[in-house]
Amino acid sequence: MLMLETERLRICKADKGDADFFFELLNSPNWIQFIGDRGIKSKKDAIVYIEKSLIYSYETNGYGLYKMISKKENKPIGICGFIKRDYLEHVDIGFAILPEYEGKGFTHEAAKKTIEYGTSTLKMHPILGITTAKNTISKNLLQKIGLVQIDTIVHDDDELLLYSNE
């Protein structure tokens, strides 16, 4: 099981026992606005999401989105990790956090450690990032962790800004 550590976080694989957390996260306002409604309407839906999205990626790709656990509270507060999308040549970094933890540097802390893990341990080169022009918080975070905008792409009628660490 992956276990990265930062000053305030443990970063590790999610499992089906995290259903309540994922139900809350995937229904949070910023997730719905910037990532999209995944139709998670029950704890059972959250378990299916964990199995088909996260666990599937760990088993198939050797990486995925990992939960960020607050050391102080010993509870999951967000996710950060890598996604292999069919419309991108390389993996991209993704992240989300519960509303009450936004703006406190947790996602930056996790993303820096995750990028370091991806480049040094997983030998990922380059690592991409995508976001919309309206998602100022994500744009700023991608830049803060060393990614630069290299292009604009269109996927499913959405215009996305494409970032890279190379």
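Pro 126 sits in the loop between α4 and β6 (128–131). The peptide bond leading into Pro 126 from His 125 is cis, with omega near -10°. Most peptide bonds are trans. The model is predicted.

**Helix α4**

Helix α4 covers residues 106–120. Its 15 residues should span 21 Å at 1.5 Å a residue, and the end C-alpha atoms are 21 Å apart, so the two values agree. Buried residues in α4 are Phe 106, Thr 107, Glu 109, Ala 110, Ala 111, Thr 114, Ile 115, Tyr 117 and Gly 118. Their cover includes the strands β1 (3–5), β2 (9–12), β3 (65–70), β4 (75–83) and β5 (92–97), along with α5 (136–144).

**Positive phi**

Most residues other than glycine have a negative phi. Asn 74 and Asp 157 depart from this, as the table shows.

| Residue | Phi | Loop | Relative accessible area |
|---|---|---|---|
| Asn 74 | about 50° | between β3 and β4 | 52%, exposed |
| Asp 157 | about 65° | between β7 (148–155) and β8 (158–164) | 78%, exposed |

**Cysteines**

The disulfide count is zero. Why is Cys 12 not bonded to Cys 80? The sulfur of Cys 12 is 13 Å from that of Cys 80, its closest cysteine sulfur, which is too far for a bond. A disulfide needs the sulfur atoms within 2.5 Å. Cys 80 is likewise in no disulfide. Cys 12 is buried, with a relative accessible area of 4%. Cys 80 is buried too, at 0%.

How values were computed
Residues are numbered from 1 along each chain as its sequence is written. This is a predicted model: local features need pLDDT of at least 70, side-chain atom pairs count only at pLDDT 80 or more; totals for chains, interfaces and linings use all residues. Side-chain values use heavy atoms; hydrogens and water are left out. Helices (H or I, at least four residues) and strands (E, at least two) are DSSP runs, numbered from the N terminus. The expected span of a helix is 1.5 Å times one less than its number of residues. Buried means under 20% relative accessible area, exposed over 50%, partly exposed in between (1.4 Å probe, protein chains only). Contact means heavy atoms within 4.5 Å.
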